[in-house]
Amino acid sequence: HTEVITAKSLAKAACCNLSESFETNGSVSVNYTDAVTGSKQIQLLGLSGTYVQTNIENIPNLRGLATTFGLNYVPGTWIESIDVAKGVGSVINGYENMAGAINVELKKPDHSDRLYVNAYANQFGRAELNINSAKKISKKWSTAILSHGSFLNNKIDNNGDGFLDLPKYNQINLINRWKYNSDRFMGQFGVKFLKENRTGGQVDYKDLATTPNIYGFENHTRRVEFFSKTAILFPDAPYRGFGLIISAINHNSDSRFGNKPYVGIQNTLYSNLIYQDKIGNTNHTYKTGLSFMNDNYDEKYVALTLKRNEIVPGAFFEYTFNHLDRTLLILG
C-alpha cells in the first residue's frame, strides 16, 4: 500500500524540511531522539527509522552517517511529493526497507517555476530563505538551481533546566540539476552541497576552549553528492524500459560530545541497472537488473578508530500481476 503526500498536502502546515512534512499525516510519525543534538527519527508501523528506507528520487540516500540529522537535509520547498510505502518494499531499491520505504520526489527542472522565493521566521528566532530557479534552455534541455539557507541563533530554555531545548544551528543547502528529454532517451544529473553547524548542551556553553567545564555538543557536517539517472525509452512499447542510476556521496561529520570528539567520514557509491518489460500482456510485467553498493567508513571516537569497507553486489527480479488495478500481486 503506497500513500502519496502531494505538495498541496505539505502546504497545510508551515513545513520547512522533510522532518516536518509529516505533521498532517497519520501514517508516519517523526520524534526527537534527544534534545541536546536535535536529531529526529521516523517511525513507521511502530518500528524505528533504521528499518525504514528513505530514498531521494528512488536513490537510497538518508542512510549511514546521515541517519542522525538527514531528515533536516531536505528543505520543504524542494519537495514535489512524498511516497510512503508500508510494509516490505520493492527489491529494486535494495534490502533496507523492512518496515517500509519513503521516496521523496524533488522539483523537476522542466516543470518548476522560473523563480520561486520563500521566506520563513518564527518567534523562537528561526529564519529561513529558499530560492528556486528553473530554466528551459531548449526543447530537450532544462536546468534548475534549488537553494536553502536557515539558522537558529537564539538560546531557548523554556523549562529552565539549564540545557538548550533546541540546538543552535546554521545550514546552507544547494542543488544544481540538469535534465535531457527526448522521445528515445532521458537523462538527469546533478550535484548537491550541504554545510551545517550545530551547537547544543548547557545554555552557557560557547566552545571547548572558552568554556571547558560546561557540557556542550558540537557538530559540523559537510556533504557533497552527485547523481545521474539515464534511461532508454521505447515509444512504441511504453511498458518497456532500460535505465541506469548512479550516485556518489561524500559525508564528513566532525562532532564533540562534552570533551569526547567523534569524527566520521563516509564515502558511498551506488549503481542500479534496471530493465522492465511485459510477459504476454500488461497484466504481467517484470523488472530485473543488477545493483552495486559500496560503503566506506572511517570513524574515530576519542582513541578508538573504526574503519570498514562494505561491498554489496546484487541481482534482482520482480514480477507484478495487476488485474484491473484492483488486485495486485508482487513477487521479488
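**A colleague's note: patch, rings and sheets**

1. Let me start with the surface. Strand 12 (168-181), strand 13 (185-201) and strand 14 (216-233) each supply at least two residues of a nonpolar patch. Strand 13 gives the most, with three residues. Please keep in mind as you read on that this is a predicted model.

2. Here is who sits in that patch: Ile 137, Trp 141, Ile 172, Leu 174, Phe 189, Val 191, Phe 193, Val 224 and Phe 226. Together they offer about 730 Å² of accessible area on the surface. Trp 141 belongs to strand 11 (residues 141-152). Its relative accessibility is 35%, so Trp 141 counts as partly exposed, since that class runs between 20% and 50%.

3. Trp 141 is also worth a look for its ring. Ring pairs link Trp 141, Trp 178, Tyr 180, Phe 185 and Phe 189 into a cluster. Two of these names, Trp 141 and Phe 189, will be familiar from the patch.

4. On the aromatic pairs in general, the count comes to nine. One of them joins Tyr 180 and Phe 185 in a tilted arrangement, with 6.1 Å from centre to centre and 50° between the planes. Phe 185 has 34% relative accessibility and therefore counts as partly exposed.

5. Another tilted pair is formed by Phe 217 and Phe 257, whose centres are 5.3 Å apart and whose planes differ by 40°. Phe 217 lies in strand 14 and Phe 257 in strand 15 (residues 241-257), so this pair ties together parts that are 40 residues apart in sequence. How do the two rings fare for cover, buried or partly exposed? Phe 217 is buried, with a relative accessible area of 1%, whereas Phe 257, at 33% relative accessibility, counts as partly exposed.

6. The strands that carry those two rings are themselves partners. Strand 14 and strand 15 pair in the antiparallel sense over 17 bridges, and Asn 219 has Ser 255 of strand 15 as its bridge partner. Strand 15 also pairs with strand 16 (residues 260-279), again antiparallel and over 17 bridges. Across that second pairing, Ser 253 stands opposite Gly 264 in strand 16.

7. Do look at the turn of that hairpin. Two residues lie between strand 15 and strand 16, and Gly 258 takes a positive phi near 65° there.

8. Now for a second region of the model. An open sheet of five strands runs in the order 1-7-8-5-6, with mixed pairing. Strand 1 (2-6) and strand 6 (59-60) stand at the edges with a single partner strand each, so one side of each is left without a neighbour in the sheet. As a reminder, strands of a sheet pair through backbone hydrogen bonds, either parallel or antiparallel.

9. Within this sheet, strand 5 (residues 52-56) and strand 8 (residues 100-106) pair in the parallel sense over five bridges. If you would like a place to find that pairing on screen, Asn 55 stands opposite Asn 103 in strand 8.

10. Last, two charges over rings. Where does the charged end of Lys 107 sit? It is over the ring of Tyr 116, 4.8 Å from the ring centre. The charged end of Arg 198 sits over the ring of Tyr 169, at 5.9 Å from its centre.

Terms used:
Residues are numbered from 1 along each chain as its sequence is written. This is a predicted model: local features need pLDDT of at least 70, side-chain atom pairs count only at pLDDT 80 or more; totals for chains, interfaces and linings use all residues. Side-chain values use heavy atoms; hydrogens and water are left out. Patches are made of residues with over 30% relative accessible area and no salt bridge: like charges are joined within 9 Å, nonpolar side chains (Val, Leu, Ile, Met, Phe, Trp, Tyr) within 5 Å. Accessible areas come from the Shrake-Rupley method with a 1.4 Å probe; for residues, only the protein chains shown count as cover. A salt bridge is a side-chain nitrogen of Lys or Arg within 4 Å of a carboxyl oxygen of Asp or Glu. Helices (H or I, at least four residues) and strands (E, at least two) are DSSP runs, numbered from the N terminus. Buried means under 20% relative accessible area, exposed over 50%, partly exposed in between (1.4 Å probe, protein chains only). Rings of Phe, Tyr and Trp (its six-membered ring) pair if their centres lie within 6.5 Å; planes under 30 degrees apart count as stacked, over 60 as edge-to-face and the rest as tilted. A charge sits over a ring if NZ of Lys or CZ of Arg is within 6 Å of the ring centre and within 35 degrees of the ring normal. Two strands pair if DSSP finds at least two bridges between them.
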